[in-house]
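Welcome! Take a moment to turn the model around on your screen, and then let us walk through it together, starting with a ligand.

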Amino acid sequence: MVNHIKIKNICCIGAGYVGGPTMAVIADHCPHINIVVIDHNKKRINAWNDENLDKLPIFEPGLKEIISRVRNRNLFFTSNTGDHIKNSDMIFISVNTPIKTKGLGAGQASNLYWVESCAREIALKGKGFTIVVEKSTLPVRTAETIKHILDNSTNSNINQVEKSFSVLSNPEFLSEGNAINDLENPDRILIGGEDNSSIKALEEIYLNWVPKSKIIHTNLWSSELSKLTANAFLAQRISSINSISALCETTGANVMEVSHAVGLDKRIGSEFLNPGPGFGGSCFKKDILNLVYICRFLGLDEVADYWESVVLINSWQQKRIYSKIVSKLYGNILNKQLTILGFTFKSNTNDTRESPAIQISYDLISEGAQLVITDPKVNPQQVRFELNRINNIQENPIEEIDKKWKFERDTYKSVKDSDAIIFLTDWEEYRHLNWEEISTLMRLPSWVFDTRNVTNKNKLAQLNLNYWKLGDC
Ligand code: NAD
Ligand code: UGA
């Protein structure tokens, strides 16, 4: 076994929300390492290589600046695998791991198709000793599968010197919109593995900017499971406070006051207790459902039910908000114009995956409303894609859905003649709107629905606007 491994060439498969920013930060701190990020999505790679940094495929504060320093210095994006796998000492697997839509475990289990494809390609093209790092979020014990594929996909006459692999788990904890800060100042770096030389090699990379005290080591399975557990705990806090928001609406308690009071207990902590339209994003739902699937598979039904309820409360919260809007608008939204402010799943990102705005907009459209959708970072094609995805084509041809919404980038134009405006994303600019102007643009009687605590009730009360904030009666 090799004693000290010095990493000179890294390859990352997957140029998405994790692969792109993570490799950019590593490249920035490790100019001595050459990094190639491969993705079979040519359009995405072209966008990563676009001279105009406003066209990067991912919007993250601070990302453009790093890319301008490292791209084509020691960070390269390509859709051509070429010899990059062969030449790499370390390969990060950073591909998508969505929920299976068909077959065994459909709707809950992770679809490992893309991870398996990577393992097969690495097995085929790898040369010498290669460290394979799981960066994607994976079901516990996936490393076993990867190792099996790596060790059993080539002819037995190839010896260990020609080709051998070690697998590490190094889950990513960044949150979108804050990715660069999270990568620069992580709460912890988790490395799960068995081979000490490989663990040390990965640790050495992080030590270029992360204090040693923040790097923790576990076995492979603890590392894989810690990632799923961390997401489940975070999402559970949101479902907990959202369930209390409903209780506030019927008791007169104020959910923001409750959240503040509860969060002051050091054992609970104040972060991640903001009520809202439910958690979105590509990961919380899929990771919890994956946990649920694993628990059920292992016969732990009570544990599965416990975690599944976090997802059920989340869907219920979205339905609840939609029903509240309809009932406040006198039980009828047919042909009323409603403006959706914010379509991303949170602020500071252009990501709309699993955004609560999708389900809420779709339900309002299905009930007959005419929507104007606005967002600072989303484009109309993305909105169409998301509405199309949840649309039941048999019931509503997509052309019918298309007639029921339009996109308007400018916030003020988007509220013109609307009966109601509905805040679904907490973009900072929504906290500083000119309400005097907005109140003159809307159709009377006008309504404001705030699910993200971005407005000031007292200010709006003076302007003849009817108002509902999440948690209010
Ligand atoms: P993503 O969909 O944005 O990116 C994945 C990329 O991998 C895609 O561009 C896809 O084309 C590419 N890809 C898939 N298979 C490939 C192959 N065989 N060869 C080349 N390219 C391939 O996904 P993401 O948001 O970056 O997430 C990646 C993983 O990281 C997931 O497991 C996710 O759960 C996890 N994660 C995501 C976040 C987040 O904030 N998005 C945070 C932590 C962890
Ligand atoms: C989340 C985790 O925070 C990351 O640690 C993790 O790495 C990542 O998932 C992942 O594995 O993909 P992310 O989904 O990017 O990150 O964003 P969050 O900030 O966690 O927000 C998720 C959702 O919860 C958003 O819709 C957000 O608006 C909502 N939220 C968050 C609330 O409704 N209330 C809160 O108090 C916090």
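A good place to begin is Val18, where a polar backbone atom sits 2.9 Å from an oxygen atom of ligand 1. Please keep in mind that this is a predicted model. Two side chains also reach this ligand: a polar side-chain atom of Asp39 is 2.6 Å from an oxygen atom of ligand 1, and a polar side-chain atom of Lys286 is 2.6 Å from an oxygen atom of ligand 1. How much of ligand 1 does the protein bury? On its own, ligand 1 exposes 830 Å², and the protein buries 92% of that.

Now look at who stands around this ligand. Ligand 1 is surrounded by 26 residues, and the closest of them are Asp39, Arg44, Thr97, Glu176 and Lys286. Sorted by class, this shell holds 9 nonpolar, 10 polar and 7 charged residues.

Let us move on to the other ligand. Ligand 2 has 19 residues around it, with Leu174, Glu176, Cys283, Phe345 and Arg452 as the closest. Glu176 is thus listed among the closest residues for ligand 1 and for ligand 2. Which helix gives the most residues to the shell around ligand 2? That is helix H9, which covers residues 220-251 and contributes 4 residues. By class, the shell around ligand 2 has 10 nonpolar, 4 polar and 5 charged residues.

Here are some polar atom pairs between the protein and ligand 2:

| Protein atom | Ligand 2 atom | Distance |
|---|---|---|
| Asn231, polar side-chain atom | oxygen | 2.8 Å |
| Asn274, backbone N or O atom | nitrogen | 2.8 Å |
| Gly280, backbone N or O atom | oxygen | 2.9 Å |

Taken by itself, ligand 2 has 700 Å² of accessible area, and the protein covers 89% of it.

Finally, zoom out to the whole chain. You can find 18 helices and 14 strands in it. Its C-alpha trace spans about 75 × 50 × 45 Å along the principal axes. Why can we call the radius of gyration of the chain in agreement with a compact globule? Because a compact globule of 473 residues would have a radius of gyration near 23 Å, and the chain has 24 Å, the two agree.

Inside, buried residues make up 53% of the 473 residues. Among contacts in the chain with a separation of 6 or more, 75% come from residues 24 or more positions apart. On the outside, the accessible surface of the chain is about 21,700 Å², and carbon and sulfur atoms account for 51% of it.

How values were computed
Residues numbered from 1 in each chain as written. Chains lettered and ligands numbered in written order. Predicted model: local features only at pLDDT ≥ 70, side-chain atom pairs only at ≥ 80, totals over all residues. Heavy atoms only, no water. Near = heavy atom within 4 Å. Polar contact = N/O pair within 3.5 Å; in protein donor to acceptor, adjacent residues only side chain to side chain. Areas by Shrake-Rupley, 256 points an atom, 1.4 Å probe, with all protein chains shown as cover. Nonpolar A, V, L, I, M, F, W, Y, C, P; charged D, E, K, R; others polar. Helix = DSSP H or I, 4+ residues; strand = E, 2+ residues; numbered from the N terminus. Rg over C-alpha atoms; globule rule 2.2 N^0.38 Å. Buried < 20%, exposed > 50% of the residue type's maximum accessible area, 1.4 Å probe, protein only. Contact = heavy atoms within 4.5 Å.
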